[in-house]
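Have the model open and ready to turn around? Let's walk through a few parts of it together, one piece at a time.

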Amino acid sequence: MPELPEVETIRRQLAPHLEGRTFTSVEIRDFRWTLPAPPELIAAELAGAHVERLGRLGKYMIWQLDADRHLLVHLRMTGSLLMDADPESPHTRARFDLDDGHVLTYVDPRRFGTAHLMLSTAARDDYLRARLGAEPFTPEFTAEYLREQARGRSAPVKAFILDQRRIAGVGNIYADEALHGAGVHPLRPAGSLTLTQWRALKESIERALSAGIDAKGASIDDFRHVDGARGSFQDRFLVHTRAGEPCVACGSTIRKLVVGGRGTYVCEKCQPRPRSRRVSP
Ligand SMILES: [Zn+2]
């Protein structure tokens with residue numbers, strides 16, 4: 001599933017194609033993409049719209065349009081945005097014709113992706129604020145913020161990191177990588193981490209995300225760049241999907257666990273298993 005680095009990669013690649021352009025026509029072929037809004041209504045609203053800027057928050061791409069309209073695009077599991085791909089591909093859910101003759105398609109085999117049109121900046125911000133916690137690389141994303149959010153919580157720290165209402169943009173890959181980098185076991189109760197450990201984890205999350213952005217994302221499933229190419233961060237994973245291989249830091253064998261229903265990779269020498277499930281007050 002595309003996480004912050006993958007969505008940021010798409011945003012950076014798409015911005016030069018879309019910013020300053022106008023949609024001459026828009027066709028939405030899957031009613032699920034715009035639920036609860038009817039696709040014809042959204043397509044009619046988008047046709048003729050001028051794209052001012054492409055932004056991002058967490059895993060949401062924000063297409064800022066004229067007249068204070070904002071399309072929030074979420075790729076979920078298998079969504080991709082492709083420039084000048086075959087628009088008749090069976091998984092094409094939406095087609096945008098641009099005024100420079102190029103065609104952007106939204107392709108999504110599993111159909112979990114979404115697009116929501118917000119008709120004001122205030123509506124956009126309310127929508128995102130209700131769903132997203134602090135964004136890494138911003139001043140709000142501090143060790144103190146994380147400790148406060150986790151206070152009293154006995155759920156595993158990995159589940160805490162994956163909760164978009166706490167931290168915006170981190171998913172399964174970068175959570176595993178960040179926990180390994182910080183030497184924190186994914187099953188540690190979130191409320192049991194010390195401020196020093198939150199500092200290490202905050203740094204490690206940002207380091208993992210930066211490395212992912214530098215590698216233009218990870219393609220272990222359907223993630224593709226706007227020209228169909230793959231990212232390369234999967235070649236640099238420290239633990240994720242590397243069960244049975246030696247840890248690059250200590251040589252111990254990496255194990256696969258299931259935490260909160262998600263496949264989780266850990267080096268239990270670098271990341272000591274919690275001895276008790278007690279949560280410090
Ligand atoms: Zn290790």
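Right after helix α7 comes K216, and its phi is positive, near 55°. Keep in mind as you look that this is a predicted model. Something similar turns up at another helix: just after α1, G20 has a positive phi of about 90°.

Now step back into α7 itself, which covers residues 195-214. How far apart should its ends be? With 20 residues at 1.5 Å a residue, α7 should span 28 Å, and its end C-alpha atoms are indeed 28 Å apart, so the two values agree. You can do a similar check on α1, residues 4-18. Its 15 residues reach 20 Å from first C-alpha to last, close to the expected 21 Å.

Next, see what is tucked away. Along α7, the buried residues are L195, W198, L201, K202, S204, I205, E206, A208, L209, A211, G212 and I213. Many of these numbers sit a few steps from one another, and it helps to remember a general point here. An α-helix has 3.6 residues a turn, so residues three or four places apart point the same way. What covers the buried residues of α7? The cover includes α1, along with α4 (143-150), α5 (157-162) and α6 (172-182).

Helix α1 is mostly covered too, with 12 of its 15 residues buried. Among them are L4, P5, V7, I10, L14 and L18, but also charged ones such as E6, E8 and R11.

So how do α1 and α7 sit against each other? They pack at an angle of about 40°, and their axes are 8 Å apart. The crossing of α1 past α7 is right-handed. On the α1 side, the contact is made by L4, P5, E8, T9 and R12, and these meet L209, G212 and I213 of α7. Sorted by class, this contact has four nonpolar, two polar and two charged residues.

Let's turn to charges. Side chains of opposite charge can pair when their charged atoms come close. In this model, the count of salt bridges comes to 25. One of them joins R21 and D100, at 3.6 Å from N to O. This pair links distant parts of the chain: R21 lies in the loop between α1 and β1 (23-28), while D100 lies in the loop between β6 (92-98) and β7 (103-107), 79 residues apart. Are these two buried or exposed, or something in between? R21 has 25% relative accessibility, so it counts as partly exposed. D100 is partly exposed as well, with a relative accessible area of 35%.

Another salt bridge is formed by R29 with E27, where the closest N and O atoms are 3.0 Å apart. R29 is partly exposed at 31% relative accessible area, and E27 is partly exposed at 38%.

Further along, the side chains of R273 and E268 meet in a salt bridge at 2.8 Å, N to O. R273 has a relative accessible area of 42%, which makes it partly exposed. E268 is partly exposed too, at 24%. Salt bridges can also share partners, and in this way E8, R11, R12, R56 and E135 are joined into one network. Two names there should ring a bell: E8 and R12 also belong to the α1 side of the contact with α7.

Notes:
Residues are numbered from 1 along each chain as its sequence is written. This is a predicted model: local features need pLDDT of at least 70, side-chain atom pairs count only at pLDDT 80 or more; totals for chains, interfaces and linings use all residues. Side-chain values use heavy atoms; hydrogens and water are left out. Axes are lines fitted to C-alpha atoms, for helices over the stretch in contact, and angles run from 0 to 180 degrees between N-to-C directions. Helices (H or I, at least four residues) and strands (E, at least two) are DSSP runs, numbered from the N terminus. A crossing is left-handed if the near helix is turned anticlockwise from the far one by less than a right angle, and right-handed if clockwise. Contact means heavy atoms within 4.5 Å. The expected span of a helix is 1.5 Å times one less than its number of residues. Buried means under 20% relative accessible area, exposed over 50%, partly exposed in between (1.4 Å probe, protein chains only). A salt bridge is a side-chain nitrogen of Lys or Arg within 4 Å of a carboxyl oxygen of Asp or Glu.
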